Amino acid sequence: MFEAATLAVYLTAAVALILTPGPDTAYVLARGAGEGRRAGVLSALGVSTGILVHTAAAAFGLAALFSAVPEARTVVVTLGAVYLAYLGVQSLRDADGDTRETTAGKPFLQGLTVNVLNPQVALFFLAFLPGFAPEANPAAGMLVLGALYAVITASYLGCVGALSGQFGGDSPWLQRISGVVLLGIAGWLVL
């Protein structure tokens with residue numbers, strides 16, 4: 001399906017992009033430092049699963065909506081920023097002792113939601129994947145490339161989440177820093 005040279009260039013570009021710090025890395029770091037290793041790793045897996053959603057959207061042309069209708073992008077950016085702000089406020093409240101019982105799947109679902117509500121990721125995959133997809137079957141090629149990207153991301157962010165979790169978990173100060181970082185990412189999305 002893929003030429004070896006094309007796949008090598010794609011994997012090199014993908015690894016370079018994944019290792020570049022961005023909102024997903026900051027989110028996983030914040031969750032791991034604020035809530036511990038388990039939350040960091042589950043958040044990383046949620047973010048990586050969100051990549052699969054964006055890949056499917058790009059492969060089937062749904063992400064083109066953001067290019068065609070700027071208002072749709074604005075709505076999704078606003079929803080994403082509001083959700084991140086909500087998580088940041090919750091993190092700050094938890095640091096002040098107003099804790100709520102959490103479930104094991106919550107960091108995963110929140111990581112998934114954060115990634116899916118980031119239209120920059122959708123636009124990125126819409127622009128990035130087609131250039132490497134085979135002409136014979138571009139949709140299937142994009143799905144394979146996106147899955148590779150998700151696996152590499154899960155590996156990297158899983159390590160980030162686990163390592164940041166070594167330094168946090170029950171510390172109110174790290175919980176507060178986590179909340180501030182999440183609020184900062186929300187502000188960055190809006191700007």
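**Entry 1: aromatic rings**

I began with the aromatic side chains of this predicted model, and my count came to eight aromatic pairs. I took Phe124 and Phe128 as my opening case: their rings are stacked, with 4.9 Å centre to centre and 20° between the planes. I noted both numbers because a pair of aromatic rings is described by the distance of the centres and the angle of the planes.

Next I checked where these two sit. Phe124 and Phe128 both belong to helix H7, residues 119-128. They are four residues apart, about one turn of the helix.

Are the two rings' residues buried or exposed? I found Phe124 at 25% relative accessibility, so it counts as partly exposed. Phe128 comes out at 12%, and therefore I wrote it down as buried; the cut-off I needed here is that buried means under 20%.

Then I turned to Phe125 and Tyr149, which form an edge-to-face pair. I read 5.1 Å centre to centre and 80° between the planes. Phe125 is in helix H7 and Tyr149 is in helix H8 (residues 138-165), so this pair ties together parts that are 24 residues apart in sequence. I looked up burial for this pair too: both Phe125 and Tyr149 are buried.

How far does the ring network go, and which residues does it link? I traced a cluster in which ring pairs link Tyr10, Phe124, Phe125, Phe128, Phe132 and Tyr149.

**Entry 2: the second largest pocket**

I met Tyr149 again when I opened the second largest pocket, where it is among the residues closest to the centre. The others in that closest group are Leu17, Pro23, Asp24 and Val121. I put the volume of this pocket at about 430 Å³, and 20 residues line it.

Which helices supply at least two residues each of the lining? I listed helix H1 (4-19), helix H2 (23-35), H7 and H8.

**Entry 3: Asn115**

I picked Asn115 next, in helix H6 (residues 106-116). Its relative accessible area is 0%, so I have it as buried. What does Asn115 touch, not counting residues up to four places away in sequence? My list reads Asp24, Val47, Gly50, Ile51, His54 and Val121. I was pleased to see Asp24 and Val121 on it, since I had just noted both of them by the pocket centre.

**Entry 4: Leu148**

I moved to Leu148, which has its place in helix H8. At 32% relative accessibility, Leu148 counts as partly exposed. Leaving out residues up to four places away in sequence, I found that Leu148 touches Leu7, Tyr10 and Leu11. I also took the C-alpha separation of Leu148 and Tyr10: 9.8 Å, although they are 138 residues apart along the chain.

**Entry 5: two neighbours in helix H9**

I compared Val181 and Leu182. Val181 is found in helix H9, residues 172-190, and Leu182 lies in helix H9 as well.

Which of them is buried and which is partly exposed? Val181 has 30% relative accessibility and so counts as partly exposed. Leu182 has a relative accessible area of 1%, so I noted it as buried.

I then read off their contacts, not counting residues up to four places away in sequence. Val181 touches Ala26 and Ala30. Leu182 is in contact with Tyr27, Ala30, Arg31, Leu84, Leu87 and Gly88. Ala30 appears in both lists.

For distances, I have Val181 and Arg31 at 9.6 Å, C-alpha to C-alpha, with their positions 150 residues apart in sequence. Leu182 and Leu87 are 95 residues apart along the chain, and their C-alpha atoms are separated by 6.8 Å.

**Entry 6: the whole chain**

I stepped back to the overall picture. The chain has nine helices and zero strands. Of its 191 residues, 41% count as buried. I computed an exposed area of about 9400 Å², with carbon and sulfur atoms supplying 70% of it.

How much of the contact set comes from residues 24 or more positions apart? Among contacts with a separation of 6 or more, I got 86%.

Last, I checked confidence. The chain averages a pLDDT of 83, and 87% of the residues score at least 70. I flagged residues 100-104, where the pLDDT is below 50. Beyond near neighbours in sequence, that stretch has five contacts in the model.

Notes. Residues numbered from 1 in each chain as written. Heavy atoms only, no water. Buried < 20%, exposed > 50% of the residue type's maximum accessible area, 1.4 Å probe, protein only. Contact = heavy atoms within 4.5 Å. Areas by Shrake-Rupley, 256 points an atom, 1.4 Å probe, with all protein chains shown as cover. pLDDT = per-residue confidence, 0-100. Phe/Tyr/Trp six-rings, centres within 6.5 Å; stacked < 30°, edge-to-face > 60°. 1 Å grid on protein atoms, 1.4 Å probe; cavity = no way out; pocket = protein on both sides within 12 Å on 5 of 7 lines; lining within 4 Å. Points joined across faces, edges and corners; volume = space filled by probe spheres on them.
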